[in-house]
Amino acid sequence: MITPVTTGRLPMRVKLAHGFGAVAFGVKDNGFSFFLLIFYNQALGMDAGTVGQVLLAALLVDALVDPLIGNLSDRTYTRWGRRLPWLYIAPIPLAIAWVFLWTPPGGSAPSALELFGIAVCVRLLLSACEVPSISLVPELTADYDERTTLFRYRFLLGWMGGLIMMVMAYGVFMPGPEGLLQAEGYLPFGIFGAVLMVVSVIGSALGQHCLLAHLPPERPAPFRFGRAFTEIREAFSERAFLIFAAGALAAYVFQGMTFSISQYLNLFVWQFDRAALNAFPAALLLGAIIMFVIANPVQKRFGKPRGAMICALSGYVIAIGPYYLFQFGVWPDPGAPATVLGLFSVSTALYFCFLVIGNALAITTVICASSMIADVVEAHQERTGRRSEGAFFSGNWLIQKCATGVGIFVTGQVIAASQLVRNAQPGTVPASTLDTLIWLYVGIGGVLVALTAFWLGRFPIGRAEHEARVAALAAAARADREHLTITP
């Protein structure tokens with residue numbers, strides 16, 4: 001029976017090493033969410049609706065393969081443990097596929113089939129890195145609060161990785177007057193991201209190697225598709241996981257929609273100039289830092305379910321506040337000259353204030369939700385006698401990727417419905433187009449956040465239930481070592 005490395009606190013170096021592995025995810029998430037749609041739509045000229053449909057279709061492959069990656073990760077049996085071999089092997093091919101994503105053949109718009117193929121490769125290879133990496137959380141510690149702490153580090157460093165890419169995009173790779181419309185700037189963007197992915201995943205594995213590089217205590221049964229799908233179905237039918245999945249699905253769709261539509265809103269609604277675009281990643285990073293400070297106190301005060309529910313609702317209200325004020329004519333003119341510190345218009349500075357707080361609460365929601373999955377592992381172990389970290393975290397990863405794809409798809413349809421023309425210029429977009437963008441975003445987002453709060457608030461595992469279960473499993477493990485007959 002596999003038991004966590006510790007039931008208490010982990011050394012700081014282990015937390016940092018574990019969190020560093022999430023930088024690769026931040027690079028991918030930032031690229032797919034913030035840049036991919038506008039690159040293929042505005043820079044290469046592909047129809048936004050078509051791009052959204054292709055990326056959504058690529059997720060059908062993930063739906064089959066991701067859970068198998070999780071199951072294979074659970075079954076890996078080497079002298080380096082179950083997860084580390086994946087983290088040493090997968091990053092290199094991932095880096096190659098990532099570069100190709102930002103370098104279409106001939107430098108022009110690819111066919112839908114070509115985009116589909118490379119998107120599938122990138123997603124599957126990233127799963128081979130991220131699922132084993134995040135599955136280490138319940139292996140490293142069984143402590144209710146320490147698991148949330150590990151997710152704090154993962155999310156902070158993951159956001160930093162993504163924001164580094166954003167800063168480099170705005171300031172180094174695409175700094176000219178055309179900005180994100182410079183198709184030639186995306187190749188160095190892709191190369192830099194590929195290098196960052198490799199360094200983060202392999203560096204994270206090396207930092208945790210001394211704790212995790214050992215033979216698992218039991219050799220798993222040989223892999224068979226029938227057995228794998230039976231175990232996956234059994235894991236995904238766990239009641240607590242299904243409740244989590246319903247809330248997480250809505251949360252991630254809204255997140256994917258928000259990220260992918262933000263470039264359009266920043267340019268055409270808020271009319272960001274170069275200074276504002278360069279400051280945008282700093283505002284997001286400040287929100288992530290605030291999250292790092294408040295996540296554990298929120299969880300300790302309210303618990304994971306209520307904490308996620310409260311942060312989801314309050315974060316949405318704050319995040320969409322500027323859009324309501326803008327629509328009702330009480331927002332400063334976004335096109336006004338810069339007067340705040342000589343850098344930003346009043347509109348931009350005020351928008352950043354809402355953005356920082358709303359983003360901090362939104363990330364805290366996701367951290368509370370993600371930490372719930374680690375607690376499902378013991379509930380499933382108690383019922384079946386098996387630890388299936390890979391299955392559950394691949395399920396979360398699948399939900400997140402599918403939801404992000406749905407969010408990008410929805411954004412593509414919103415852009416198409418608004419009739420925003422290619423190569424549109426800030427300040428010249430018709431008011432009717434902006435109205436459509438804003439109201440569809442706010443309305444769809446409101447429904448998704450309500451579903452998020454409803455389901456995550458009903459997650460059935462709290463601190464007391466988790467700690468009692470961990471104690472019972474530890475007692476059963478001790479009895480097993482003494483060769484007593486036990487029933488999990």
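Analyst: Before we start, contact means heavy atoms within 4.5 Å. Also keep in mind that this is a predicted model.

User: OK, which residues is F244 in contact with, once neighbours within four places in sequence are left aside?

Analyst: F244 sits in helix 11. With those sequence neighbours set aside, its contacts are A369, S370, M372, I373, N396, I399, L456 and F459.

User: Is F244 buried or exposed?

Analyst: Buried means under 20% relative accessible area. F244 has a relative accessibility of 1%, so it counts as buried.

User: How far apart are the C-alpha atoms of F244 and L212?

Analyst: Along the chain, these two are 32 residues apart. In space, the separation between the C-alpha atoms of F244 and L212 is 28 Å.

User: Let's stay with helix 11. How is it oriented to helix 14: parallel, perpendicular or oblique?

Analyst: Helix 11 covers residues 239–269 and helix 14 covers 389–418; their axes are 7 Å apart and the packing angle is about 40°. An angle under 35 degrees would count as roughly parallel, and roughly perpendicular runs from 65 to 115. The pair is therefore oblique.

User: What's the handedness of that crossing, and how many charged residues are in the contact?

Analyst: Helix 11 goes past helix 14 in a right-handed crossing. By class, the contact has 18 nonpolar and nine polar residues, and the charged count is no residues.

User: And helix 2 with helix 11: which class of orientation do they fall into?

Analyst: The axes of helix 2 and helix 11 come within 9 Å and cross at roughly 50°. That angle makes helix 2, relative to helix 11, oblique.

User: Which residues of helix 11 meet helix 2, and how many in that contact are charged?

Analyst: Helix 2 passes helix 11 in a right-handed crossing. From helix 2 come D29, S33, F34, F35, L37, I38, N41 and Q42, and they meet Q255, F259, S260, S262, Q263, Y264 and L267 of helix 11. The class split for this contact is seven nonpolar, seven polar and, for charged, one.

User: Which helices do the buried residues of helix 5 pack against?

Analyst: Helix 5 runs over residues 91–101, and its buried residues are P91, L94, A95, A97, W98 and L101. These pack against helix 2 (23–43), helix 4 (84–89), helix 6 (112–134) and helix 9 (186–212).

User: I spotted Q271 with an odd backbone. What is its phi, and how accessible is it?

Analyst: Q271 is in the loop between helix 11 and helix 12 (274–327). Its phi is positive, about 50°, although the residue isn't a glycine. Q271 counts as partly exposed because its relative accessibility is 28%.

User: How about Q419: buried or exposed?

Analyst: Q419 belongs to the loop between helix 14 and helix 15 (431–456). Its phi is also positive, near 60°, in a residue other than glycine. With a relative accessibility of 64%, Q419 therefore counts as exposed.

User: Zooming out, what radius of gyration does the protein have?

Analyst: The protein comes to 16 helices and zero strands, and its C-alpha atoms fill a box of roughly 75 × 50 × 35 Å along the principal axes. A compact globule of 488 residues would come out near 23 Å, and the protein agrees with that, because its radius of gyration is 22 Å.

User: Last one: what share of the residues counts as buried?

Analyst: Of the contacts between residues at least 6 apart in sequence, 85% join residues at least 24 apart. As for burial across the 488 residues, the share is 58%.

Methods. Residues are numbered from 1 along each chain as its sequence is written. This is a predicted model: local features need pLDDT of at least 70, side-chain atom pairs count only at pLDDT 80 or more; totals for chains, interfaces and linings use all residues. Side-chain values use heavy atoms; hydrogens and water are left out. Axes are lines fitted to C-alpha atoms, for helices over the stretch in contact, and angles run from 0 to 180 degrees between N-to-C directions. Helices (H or I, at least four residues) and strands (E, at least two) are DSSP runs, numbered from the N terminus. Angles under 35 degrees count as roughly parallel, over 145 as roughly antiparallel, 65 to 115 as roughly perpendicular and the rest as oblique. A crossing is left-handed if the near helix is turned anticlockwise from the far one by less than a right angle, and right-handed if clockwise. Ala, Val, Leu, Ile, Met, Phe, Trp, Tyr, Cys and Pro count as nonpolar, Asp, Glu, Lys and Arg as charged, and the others, Gly among them, as polar. The radius of gyration is taken over C-alpha atoms; the globule rule is 2.2 Å times the number of residues to the power 0.38. Buried means under 20% relative accessible area, exposed over 50%, partly exposed in between (1.4 Å probe, protein chains only).
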